[in-house]
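Thanks for coming. I'll take a few minutes on one sheet and then open the floor.

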Amino acid sequence: MRTSLRLSSLLLASSVAAGCLGAETDTDNLQAIEQQVTDPTFRVYNIVEAVLPAANYDGVAGNECLALLNPEHRLRKIILVETAGAGGSCALNAYTAGTAFSFTWGDTSVYQGSSGITAMRAALSDNDGAVHRLIGSVTSEAATLANLQSFLTLSDAQQANQLGTFTANRVHSLYDFEGQEEVLAEAAYQAVRVSQPCENPGSPRLDARVHNGFVYGYTASNSGSCHSGWFSKLHSYNRNWRLVARQEYSE
């Protein structure tokens, strides 16, 4: 996934606030999210984009290994820095692009040193990654990733049924995505928003459907009343933004 908040490099979710025009104001939810950000036990799940072997990347004495990570449910990427052991050994060397692992915030500390950050970002061809030093351990998520990949081979109906059972984390169609994903997320949100005058246009929302730390898909939903008749919309998308189910009722 390519999902974090532009409001903060470490926030894990945002809200789509109620209203026909989709105004964004949910201070309580943001405060709760910020508590997750500072919780050392909070686990971050990642898809690995690149791993660099031991070398002196930051210009400070000693070698380190680097990993560029695409965290689930976050926009900003993470660069994980691990001090190399004897012979250039690093736990990060066990991973390659396309694999997955997790860690808690307590397993890392924010890297200090602007010149080192710039150099490490350049080594990974990245210009905005949040740089953290690994001070604890990482946990392989190979089995979870295999389950996610298997899920995407199911029929549309099977995917939709499972998505409905997964945890719903509310996300923001603009703040939580970038590039083409932002376009697709906004289109999904707008598809359930009522634009015509109604006495109750409902409160459209977009949710990431999360299972074992990974985003399996999204649901866009809304319900309300218009011209004295009620309506309900629920659209389900898998992780690749394929529409796997559309349920719409009205009277």
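A definition before the hairpin comes up: a strand here is a DSSP run of E with at least two residues, numbered from the N terminus, and two strands pair if DSSP finds at least two bridges between them. This is a predicted model.

Now the sheet. It is open, has 7 strands with mixed pairing, and its order is β5-β6-β3-β2-β1-β4-β7. At the edges stand β5, residues 108-110, and β7, residues 139-140; each has a single partner strand, so one side of each lacks a neighbour in the sheet. For β7, strand β4, residues 100-104, runs antiparallel to it, joined by 2 bridges. Phe 101 sits opposite Ser 140 there.

Next, β2, residues 64-71. Strand β1, residues 43-55, pairs with β2 in the antiparallel sense over 7 bridges, and Ile 47 has Asn 70 as its bridge partner. Strand β3, residues 78-83, is also antiparallel to β2, over 6 bridges; in that pairing Glu 64 stands opposite Thr 83.

The hairpin of β2 and β3 has 6 residues between the strands, and in it His 73 takes a positive phi near 60 degrees.

So is β2 buried or exposed? Of its 8 residues, 8 are buried. In a regular strand, side chains alternate between the two faces of the sheet. In β2 both faces are covered: Glu 64, Leu 66, Leu 68 and Asn 70 are buried on one side, and Cys 65, Ala 67, Leu 69 and Pro 71 on the other.

That's what I have.

Note on methods. Residues are numbered from 1 along each chain as its sequence is written. This is a predicted model: local features need pLDDT of at least 70, side-chain atom pairs count only at pLDDT 80 or more; totals for chains, interfaces and linings use all residues. Side-chain values use heavy atoms; hydrogens and water are left out. Helices (H or I, at least four residues) and strands (E, at least two) are DSSP runs, numbered from the N terminus. Buried means under 20% relative accessible area, exposed over 50%, partly exposed in between (1.4 Å probe, protein chains only).
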